[in-house]
Amino acid sequence: MSIKRLAIFCGARNGNGKEYLVEAEKVGEWLTDHQIELVYGGGKYGLMGAVARGALLNDGVVHGVITEKLNGRGVAMEGLTSMQVTENMDKRKEKMMEMADGMIAFPGGLGTMEEIMQAASWMTVGDNTKPVAIYNFQGFYDDLKNQLFKMNQAGFLEDSFFENVYFGDNMDDILHYMEIFHAPHYRTYEK
């Protein structure tokens with residue numbers, strides 16, 4: 001699979017440690033170095049702003065997708081390659097998933113969790129055939145990985161879906177996973 005655009009879901013806050021911002025900028029730079037366009041939430045604050053700045057400062061292509069409400073609050077980053085304004089958060093997520101060849105979660109909060117889990121859960125019903133990865137920076141998502149394993153062991157998450165939410169701590173490994181990704185067959189139910 002050819003990866004030309006990646007959606008990065010991440011925090012609109014800085015987090016409690018400069019290392020998150022530094023790594024987010026590095027991810028933006030990495031995308032540019034690999035000629036991969038960034039699709040993200042369009043904001044200028046927190047890790048969202050950092051990953052976009054990392055790409056833009058290296059002449060990368062950055063596509064923002066922001067809601068009408070957030071745009072009206074003045075949180076949109078200027079100088080992006082393109083900016084789309086959606087009616088609401090659901091439309092925003094759908095647009096980002098539509099535009100990207102794969103989705104990655106970087107550290108963040110509830111919004112980040114919702115976005116990446118929607119992309120993963122849509123695999124189970126066949127509405128997402130694109131790769132989903134978790135950038136597990138400094139073990140940030142270890143507990144999520146353990147929770148997904150618990151769901152798998154308890155019989156609520158089939159092996160094919162558990163194995164197709166990739167956890168990695170560097171972008172080269174994540175890209176490799178995405179390039180060889182084959183979407184699992186959607187869930188079927190026994191009568």
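**View A. The lining of the second largest pocket sorts into nine nonpolar residues, three polar ones and one charged one.** This is a predicted model, as are the other views here. What you're looking at is a pocket with a volume of about 210 Å³. It takes 13 residues to line this second largest pocket, and Met-117, Ser-121, Leu-148, Met-151 and Leu-157 are the ones nearest its centre. Helix 5 and helix 6 (142–153) are the elements that each hand two or more residues to that lining.

**View B. Now for the largest pocket, with a volume of about 460 Å³.** Which residues sit closest to the centre of the largest pocket? Out of 29 lining residues, they are Cys-10, Gly-11, Ala-12, Arg-13 and Met-48. Four elements are worth finding on screen, since strand 1 (5–9), helix 2 (46–56), helix 4 and helix 5 each give two or more residues to the lining of this pocket. Helix 5 gives the most, with four residues. Sorted by class, the lining of the largest pocket has 16 nonpolar, ten polar and three charged residues. If helix 5 sounds familiar, that's fair: helix 5 also showed up in the lining of the second largest pocket.

**View C. Here helix 4 (residues 89–99) meets helix 5 (residues 110–125), with axes that come within 11 Å and cross at roughly 60°.** Because of that angle, the two helices, 4 and 5, count as oblique to each other. Their crossing is right-handed. On the helix 4 side, look for Lys-93, Glu-94 and Met-97 making the contact. Helix 5 answers with Glu-114, Glu-115, Gln-118, Ala-119 and Trp-122. Sort the residues of this contact by class and you get three nonpolar, one polar and four charged.

**View D. Helix 1 (residues 18–33) packs against helix 2 at an angle of about 35°, and their axes are 6 Å apart.** Is the crossing of helix 1 and helix 2 left-handed or right-handed? It's right-handed. Helix 1 brings Tyr-20, Leu-21, Ala-24, Glu-25, Val-27, Gly-28, Glu-29 and Thr-32 to the contact. From helix 2 come Gly-46, Leu-47, Ala-50, Val-51, Arg-53, Gly-54 and Ala-55. Class by class, the contact between helix 1 and helix 2 holds eight nonpolar, four polar and three charged residues. Helix 2 has a second job in these pictures, as one of the elements giving two or more residues to the lining of the largest pocket.

**View E. Helix 1 turns up again, this time packing with helix 8 (residues 171–179) at an angle of about 50°, with the axes 11 Å apart.** That angle is why helix 1 is called oblique to helix 8. Helix 1 passes helix 8 in a right-handed crossing. To find the contact, pick out Val-27, Trp-30 and Leu-31 on helix 1, then Met-171, Asp-172 and Leu-175 on helix 8. Val-27 should ring a bell, as it's one of the helix 1 residues in the contact with helix 2. How many nonpolar, polar and charged residues does the contact of helix 1 with helix 8 have? Count five nonpolar, no polar and one charged.

Key
Residues numbered from 1 in each chain as written. Predicted model: local features only at pLDDT ≥ 70, side-chain atom pairs only at ≥ 80, totals over all residues. Heavy atoms only, no water. Axes fitted to C-alpha atoms, helices over the stretch in contact; angles between N-to-C directions. Parallel < 35°, antiparallel > 145°, perpendicular 65-115°, else oblique. Left-handed = near helix turned anticlockwise from the far one by under 90°. Contact = heavy atoms within 4.5 Å. Nonpolar A, V, L, I, M, F, W, Y, C, P; charged D, E, K, R; others polar. 1 Å grid on protein atoms, 1.4 Å probe; cavity = no way out; pocket = protein on both sides within 12 Å on 5 of 7 lines; lining within 4 Å. Points joined across faces, edges and corners; volume = space filled by probe spheres on them.
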